[in-house]
Amino acid sequence: MKYSPLLAVAVSAMFIVGCDDDDEPTTQLQAVHASPDAPLANVLIDNQSLWSSVDYAQASGYSAVNQGQTSVQVDVQLPGDAVATVIPQSQFDLTGDLDYTVMVVGDADGSNNPVEALVVTRPAEGTATSSTLDVQVVHAATGVGDVNLYVTGPSDPLGAPLGTLGYKDFTDVLNIPAGQYRVRLETVSGNAIAFDSGEITLPAGSELTIAAVPRADSNSASPVKLMVMDGSGSSLIYDMAETAEVRVGHLVDGAPTVDVFVNSAASADFADLMFKDITMFKDLAVGTYDLDIFADGTTTNALIDADGVAVFAGMDYSIYAVGTVSPLNLEPLVVPENRRPVATSAVLNIMHAAANPIAASVDIYLTENVGIAGSTPALSDVKFKDYANGIYVAAGSYFVTITVAGQPSVVAIDSAPATLADGVVYQVVAIDDSAGTGFKLIVSDTTD
């Protein structure tokens, strides 16, 4: 899948600055963002920025830091260049005998638990071999009660739990044979299976930390997902019943009402779409699909034939029909959506779907007053089909103005009002609209 260059403003990159002194003994430390409604995080070690822009459910991997008395501070990013300290400078006495995982856990809005640092330790010398692995399990899911942990063969019954974990508890490091496993979490209250990984592979020689963190999704098979940390980064395991969520939008000015066929079958969820219609998000099983878009009531001469559209567990997608009818040039545009709200600001996702060559590249302004005199674009040189996800904006009333790139006097959309609130994700799509003003913004609340 092709990601827009604009994602540089939103996709979290972890910049390692390095704060150890070659003359000092070191130990290993990694940072993990596990607060579901907190913004991107910056981690400072001994007053130096070791990692920045760590996104939710990501781990930095281990980096060397000095042993002994070490301070850890966590800031979160606010609109503009502002930050807020959520974990004040805290002192830890680090030893070379242990590796450290510092997890930012809790709720930024304070709904269940305060944001705090959870420090998980494990022996620096592992015991994994060519046929075994070391694994440690952490309950880092705020708002989720005590759970029984089961790690079994893929088709084995539950048997006896490995242990019971409350919020912020973690197991000792377990050395187990490499192979195929199934991880299940059972609520102590009610004895319901809260998570089922299905069959997963745990490879030999690995030193893994597996953390249950909040799923952060309003429509999910499980309240948690698993972060698997191998010391260099992290990956996610979703409940085996997890789906993707997909919506479809008709953004082609002048094209007829359409029906969407999924793997040659008509979809009731994506039928009778008129120009400017964008559906609600719908569950779609993980897999690869062939999508055909026909003029309403027909099943031949597809306006768009898109083969091999892959969707993955836990991901959200918008699939837009974009292009022009004169000349005929229609295509599908698949956009992965960031729908995770943060407590400290509004989140803005922007999509350029106006195929008119007059606005092939645009500048986007967000101002508190009508007009853009003296203002700098919030986003510059945004090209047709580019998108930017995860832009933090302070709550308030604004005006959106879109001009031809580098030409502020050539206005495509003039001071369209927008009111934004903290804890809400807004999708803004710019389209052609010859029946209206020539260009138009479609703004929707896509908060998950």
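The following exercises, with worked solutions, concern aromatic and charged side chains in a predicted model.

Residues are numbered from 1 along each chain as its sequence is written. Local features need pLDDT of at least 70 and side-chain atom pairs pLDDT 80 or more, while totals for chains, interfaces and linings use all residues; side-chain values use heavy atoms, without hydrogens and water.

**Exercise 1.** Determine how many aromatic pairs the whole structure holds, and describe the geometry.

*Solution.* Ring centres of Phe, Tyr or Trp (six-membered ring) must lie within 6.5 Å; planes under 30 degrees apart count as stacked, over 60 as edge-to-face and the rest as tilted. The search returns 1 aromatic pair. Phe 261 and Phe 294 meet edge-to-face, with 5.1 Å between centres and 80 degrees between planes. Phe 261 belongs to strand E20 (residues 258–262) and Phe 294 to strand E23 (residues 287–295), 33 residues apart; strands are DSSP runs of at least two residues, numbered from the N terminus. Both Phe 261 and Phe 294 are buried, that is, under 20% relative accessible area with a 1.4 Å probe, protein chains only.

**Exercise 2.** Establish the surroundings of Asp 99, including the nearest side chain of opposite charge.

*Solution.* Asp 99 is located in strand E8 (residues 98–105). Asp 99 is buried but has no salt bridge, a term requiring a side-chain nitrogen of Lys or Arg within 4 Å of a carboxyl oxygen of Asp or Glu. Arg 122, the nearest side chain of opposite charge, is 5.6 Å away. Beyond neighbours within four places in sequence, the contacts of Asp 99 (heavy atoms within 4.5 Å) include Thr 27, Tyr 62 and Arg 122.

Definitions and conventions:
Helix = DSSP H or I, 4+ residues; strand = E, 2+ residues; numbered from the N terminus. Buried < 20%, exposed > 50% of the residue type's maximum accessible area, 1.4 Å probe, protein only. Lys, Arg positive; Asp, Glu negative; His and termini not counted.
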